[in-house]
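Student: Could you take a close look at one residue for me and set it against the chain as a whole? Here is what I have open.

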Amino acid sequence: MTRPIRYTRFGLAENPVGQIVTWTIGDRTYLADVVGVYHRESPAAFMLKTRQFCGDEGPEVAASAVRLVLP
C-alpha cells in the first residue's frame with residue numbers, strides 16, 4: 001500500500017527520512033530509501049535525497065512526486 005507525503009500550508013507535515021519511497025518516470029518505477037530532505041528555492045520544492053538499496057547514492061526527487069511505501 002502506498003500514499004503521498006502529507007503537506008500543510010507551511011511545508012511537510014511529516015518527516016520522510018528513513019522511509020521507503022517509490023516514483024514513476026515514463027514506464028519505469030523506482031524504489032529507494034530517503035536519507036535527507038531540503039527546500040530548493042528555485043523552482044520552489046521540497047527535495048528528497050535518496051539512497052538505492054545497494055548502498056549507492058540515488059537521485060534527488062521532489063517530495064510531491066513520490067509515494068511512501070507502507071508496511
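Tutor: Let's start with a term: buried means under 20% relative accessible area, exposed means over 50%, and partly exposed is what lies in between. By that yardstick, 28% of the 71 residues in the protein chain are buried. Bear in mind that this is a predicted model.

Now zoom in on Asp33. Asp33 sits in strand β5, which covers residues 28-40. Its relative accessibility is 15%, so Asp33 counts as buried, given the cut-off of 20%. Who are its partners? Leaving aside residues up to four places away in sequence, Asp33 touches Gln19 and Ile20, and also Lys49, Thr50, Arg51 and Phe53.

Zooming back out, the protein chain has 8 strands and 0 helices, so to speak β-β-β-β-β-β-β-β from the N terminus on. As for overall dimensions, the C-alpha trace spans about 35 × 25 × 25 Å along its principal axes. The radius of gyration is 12 Å, which agrees with the value near 11 Å for a compact globule with 71 residues. If you look at contacts between residues at least 6 apart in sequence, 36% of them join residues at least 24 apart.

Then there's the outside. The protein chain has an accessible surface of about 4900 Å², and 52% of that belongs to carbon and sulfur atoms. On the charge side, there are 8 positive and 7 negative charges, and their mean positions are 8 Å apart.

Technical notes:
Residues numbered from 1 in each chain as written. Predicted model: local features only at pLDDT ≥ 70, side-chain atom pairs only at ≥ 80, totals over all residues. Heavy atoms only, no water. Helix = DSSP H or I, 4+ residues; strand = E, 2+ residues; numbered from the N terminus. Rg over C-alpha atoms; globule rule 2.2 N^0.38 Å. Buried < 20%, exposed > 50% of the residue type's maximum accessible area, 1.4 Å probe, protein only. Contact = heavy atoms within 4.5 Å. Areas by Shrake-Rupley, 256 points an atom, 1.4 Å probe, with all protein chains shown as cover. Lys, Arg positive; Asp, Glu negative; His and termini not counted. Charge placed at Lys NZ, Arg CZ, Asp CG, Glu CD.
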